[in-house]
Amino acid sequence: MATPAALPDHVARDLREFTIEVPSWGYGNSGTRFKVFTTPGTPRDPFEKIADAAQTHAHTGAAPRVSLHYPWDKVEDFDALRAFAAEQGVSIGMINSNTFQDDEYKFGSLTHGDAAVRKRAIDHHLECIDVMRATGSKELKIWLADGTNYAGQDSIRARQDRLAESLAEIYAGLDGDHRMVLEYKFFEPAFYHTDVPDWGTSLLHVQALGEKAMVVLDTGHHAPGTNIEFIVAQLLRQDRLGAFDFNSRNYADDDLIVGAADPFQLFRILFEIVQQDAHRPASGVNFMLDQCHNLESKIQGQIRSVLNVQETLAKALLVDREALADAQRRCDVLEAHGILMDAFWTDVRPALAALREEDGLPADPFETFRNSGYEERIAEERVGGDQMGWGA
Ligand code: PSV
Ligand code: MN
């Protein structure tokens with residue numbers, strides 16, 4: 001397919017209404033278990049994280065919500081945080097619970113054998129729901145580090161039963177317009193079994209809970225070689241794909257920039273999405289980033305990620321679906337494959353730049369941000385205090 005000078009109207013419309021949610025923790029320091037590097041200008045409180053996230057939105061026009069992690073992003077006054085976000089031109093997105101950093105949770109949280117520990121974990125989620133009420137957030141995201149390291153350490157079955165009971169208590173605490181999304185991950189930190197290791201387990205739990213519960217798919221949470229687009233198609237078919245945690249990986253849960261390690265995989269995922277119209281706001285799928293920028297500039301990394309998703313979505317929208325359906329009907333394997341590849345290899349960047357200019361946005365948000373002086377300014381201004389990072 002030749003480079004299109006302009007995008008077809010329906011593609012332009014879909015791109016204009018498509019939004020991405022950014023993670024507050026993507027703007028803080030992060031690292032590996034070997035080292036967390038600091039960077040001048042890194043936020044020292046959730047307000048500064050929101051100010052940085054607002055830069056991503058100001059330059060791309062496509063990232064209007066910031067997801068919070070609780071209690072990492074705990075503040076005295078959530079009303080003030082909400083108001084500050086609005087001033088900055090963004091709003092608060094999902095509230096991510098955290099039951100993976102307290103000593104009490106060493107052997108599990110919602111699955112723990114001790115009812116007192118389970119109650120503590122359930123109460124934490126009810127507190128997250130209060131934060132949702134204060135911030136205007138409508139979604140609670142649950143990822144559990146629960147699991148075991150050795151066969152025989154605990155009963156897999158009993159832990160599933162306890163998990164189901166704990167989730168039901170949290171679900172009962174949601175308001176009518178709230179949703180809960182349950183994330184799965186095949187290993188880490190547990191190395192023998194994980195209590196929510198895969199989409200099937202997550203789906204079984206959310207189906208048992210009710211319509212307000214959905215699955216969240218983190219692209220870094222699968223065994224190598226897993227066909228993630230198949231999972232996407234299947235969850236959409238069940239109306240249970242609630243959200244994405246986008247990132248990319250070469251090995252395990254690398255949390256690198258989405259579309260960096262395997263752009264073609266991102267294209268295949270987004271093609272499943274567009275075939276079911278799930279990229280449109282009415283679908284309710286929340287496209288979120290869950291990334292850490294250990295080496296690169298954090299705001300630049302977030303902007304690059306938003307652009308990668310936009311560019312790949314544009315390519316997925318350009319697939320000639322009529323021609324594809326025709327080739328599929330005739331069982332012409334390579335013609336069908338070629339139709340996908342034509343769209344994948346299309347350079348949509350000039351047409352996207354033109355679209356942004358029409359909307360009063362910078363044609364190249366990445367370069368415009370780099371040249372804006374913002375990073376130099378925060379490096380000078382943000383002196384003293386403790387930079388935020390994991391656990392903060
Ligand atoms: C776990 O690896 C995870 O993907 C969950 O979404 C956490 O909340 C997030 O990373 C934050 O580190
Ligand atoms: Mn995640």
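A salt bridge here is a side-chain nitrogen of Lys or Arg within 4 Å of a carboxyl oxygen of Asp or Glu. The model on screen is predicted, and the tour starts with an arginine to which that cut-off applies.

**Stop 1: Arg240**

Select Arg240, in the loop that joins helix 7 (228–237) to strand 9 (241–246). Arg240 is buried, and its nearest side chain of opposite charge, Glu211, is 6.1 Å away. Because a salt bridge has to fall within 4 Å, Arg240 has none. What does the side chain of Arg240 reach instead? Look for the backbone oxygen of Val206, at 3.3 Å. Then display the contacts of Arg240, leaving out residues up to four places away in sequence: Leu203, Val206, Gln207, Gly210, Glu211, Ala213, Met214, Val215 and Leu235. Glu211 is thus among the residues that Arg240 touches, although the pair does not form a salt bridge.

**Stop 2: ligand 1**

Follow strand 9 (241–246) onward from the Arg240 loop and move to ligand 1. Which residues surround ligand 1? Select Trp25, His69, Trp143, Glu183, Lys185, Asp218, His221, Asp245, Asp253 and Asp290. Three polar approaches can be picked out here. A polar side-chain atom of His69 is 2.8 Å from an oxygen atom of the ligand. For Asp290, the distance from a side-chain N or O atom to a ligand oxygen is 2.8 Å. For Asp245, the corresponding distance is 3.2 Å.

**Stop 3: Lys49**

From Trp25, one of the residues around ligand 1, step to Lys49, which touches Trp25. Lys49 sits in helix 2 (residues 46–60). Is Lys49 buried or exposed? Its relative accessible area is 3%, so Lys49 counts as buried. Beyond four places in sequence, the contacts of Lys49 are Ser24, Trp25, Tyr27, Pro43, Asp73 and Met388.

**Stop 4: Asp195**

Next select Asp195, in the loop between strand 7 (193–194) and helix 6 (199–209). With a relative accessible area of 0%, Asp195 is buried. Two polar partners of its side chain are worth displaying. One is the side chain of His193, in a polar contact at 2.7 Å. Another is the backbone nitrogen of Gly147, at 3.2 Å. Gly147 also appears in the contact list of Asp195, together with Thr111, Asp146, Arg159, Gln160, Leu163 and Thr201; residues up to four places away in sequence are not counted. For scale, draw a line from the C-alpha of Asp195 to that of Lys35: the two residues are 28 Å apart in space and 160 residues apart in sequence.

**Stop 5: Asn250**

Go to the loop between strand 9 and helix 8 (263–275) and select Asn250. Asn250 has 46% relative accessibility and therefore counts as partly exposed. Setting aside neighbours within four places in sequence, Asn250 is in contact with Leu256 and Ala261. Between Asn250 and Gly338 the C-alpha separation is 26 Å, with their positions 88 residues apart in sequence numbering.

**Stop 6: helix 9**

Finish by colouring helix 9, residues 298–317. How far does helix 9 reach from its first C-alpha to its last? The distance is 29 Å over 20 residues, close to the 28 Å expected at 1.5 Å a residue. Helix 9 is mostly covered, with 19 of its 20 residues buried. At its start, zoom in on Ser297: a side-chain oxygen of this residue comes within 3.3 Å of the backbone nitrogen of Gln300.

Methods: Residues are numbered from 1 along each chain as its sequence is written. Chains are lettered from A and ligands numbered from 1 in the order in which they are written. This is a predicted model: local features need pLDDT of at least 70, side-chain atom pairs count only at pLDDT 80 or more; totals for chains, interfaces and linings use all residues. Side-chain values use heavy atoms; hydrogens and water are left out. Helices (H or I, at least four residues) and strands (E, at least two) are DSSP runs, numbered from the N terminus. Buried means under 20% relative accessible area, exposed over 50%, partly exposed in between (1.4 Å probe, protein chains only). Lys and Arg count as positive and Asp and Glu as negative; His and the chain ends are not counted. A polar contact is a pair of N or O atoms within 3.5 Å; within protein, one must be able to donate a hydrogen and the other to accept it, and residues adjacent in sequence count only if both atoms are side-chain atoms. Contact means heavy atoms within 4.5 Å. The expected span of a helix is 1.5 Å times one less than its number of residues. A residue is near a molecule or strand if one of its heavy atoms lies within 4 Å of it.
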